[in-house]
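Please open the structure in your viewer and keep the selection tool at hand. The tour moves from one selection to the next and says what is found at each stop.

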Amino acid sequence: TQALRDAQDILFEVGLTALHVVLEDSPNVVVDLIGLPIDALVESKESLPSGATSATVHRFVKYSASREAPTSTPNTSTIAFEAHTDGTWFTVIPCSHVAGLEVASPTGKGWCSPEVQGQKGLDVAVLTGDFLQSITQYDFPSAVHRVVRPCVGSAARVSAPLLLRPSPAYRAACKAADERARKDRRARNK
């Protein structure tokens, strides 16, 4: 429907704007990719040949309620999606009406829920991904996040994240840049 296409366009623009801001202002962006236009790092629908699909993905996910009563520490039956990072520049997630997204604190001690603080249907969580971490040489580390199931008796959680991924042509360049950054860090730490 048109409303869905409009929502996808908005989420895409949020992610692309965030990418512009970070790459234009980050002092440690990998030099061999800096001379390229930022828009070329992501495939927009306008840049794709007719019938082709983009590496960027808009997912629709339904998480059913837990079968167990909530505990102070989530366990395997209450975790819907284990802690992970995304292979993206950014993941843009509209705040769901049923909270469940949790992001690890930068210190690694604890989790926060942007959906509890966000305005449902209006706010989005913008999570940094692995490719952004790579190109900025860890100035913007990947956001570790997970999804916790809704409590027993609650409505299902519906989520619609847009995973803003690099074009296939640039994935290889980013992976090579990440490997160079790792080697440089190891050399500095010796």
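What follows is a walk through a predicted model, beginning with a sheet and ending with charges over rings.

**The sheet.** Begin by selecting β1, β10, β4 and β7, which in that order make up an open sheet of four strands with antiparallel pairing. At the edges you will find β1, at residues 57-58, and β7, at residues 124-128, each of which pairs on one side only. Now narrow the selection to β4 (residues 90-94) and β10 (residues 162-164), which are joined in the antiparallel sense over three bridges. If you pick T91 and look across to β10, the residue that serves as its bridge partner is L163.

**The helix across the sheet.** Next, add helix α1, residues 2-25, which lies across β1, β4, β7 and β10 and runs at about 140° to β4.

**The cores.** Which residues have the most contacts inside the largest nonpolar core? Select L19, L23, V42, W89 and L132, which hold that place in a core of 19 residues. Two or more residues of this core come from each of α1, β4, α4 (130-135) and β10, and the largest share, seven residues, is given by α1. Stay with V42 for a moment and show its surroundings: leaving aside residues up to four places away in sequence, V42 touches F12, L16, L19, T56, W89, L164, R165 and S167. Another core, of six residues, lies apart from the largest one, and I93, V103, A125 and L127 are among its members.

**The aromatic pair.** Return to W89 and select F131 along with it, since the count of aromatic pairs in this model comes to one. The ring centres of W89 and F131 are 6.3 Å apart and the ring planes stand at 55°, so the pair is classed as tilted. The two residues are 42 residues apart and link distant parts of the chain, with W89 in the loop between β3 (79-84) and β4, and F131 in helix α4. Are these two residues buried or exposed? Both W89 and F131 are buried.

**Charges over rings.** For the last two stops, select R146 together with W111, where the charged end of R146 sits over the ring at 4.0 Å from its centre. Then move to R185 and Y138, where R185 lies over the face of Y138, at 4.0 Å from the ring centre.

Note on methods: Residues are numbered from 1 along each chain as its sequence is written. This is a predicted model: local features need pLDDT of at least 70, side-chain atom pairs count only at pLDDT 80 or more; totals for chains, interfaces and linings use all residues. Side-chain values use heavy atoms; hydrogens and water are left out. Two strands pair if DSSP finds at least two bridges between them. Contact means heavy atoms within 4.5 Å. Axes are lines fitted to C-alpha atoms, for helices over the stretch in contact, and angles run from 0 to 180 degrees between N-to-C directions. A nonpolar core is a set of buried Ala, Val, Leu, Ile, Met, Phe, Trp, Tyr and Cys residues joined through side-chain atoms within 4.5 Å. Buried means under 20% relative accessible area, exposed over 50%, partly exposed in between (1.4 Å probe, protein chains only). Rings of Phe, Tyr and Trp (its six-membered ring) pair if their centres lie within 6.5 Å; planes under 30 degrees apart count as stacked, over 60 as edge-to-face and the rest as tilted. A charge sits over a ring if NZ of Lys or CZ of Arg is within 6 Å of the ring centre and within 35 degrees of the ring normal.
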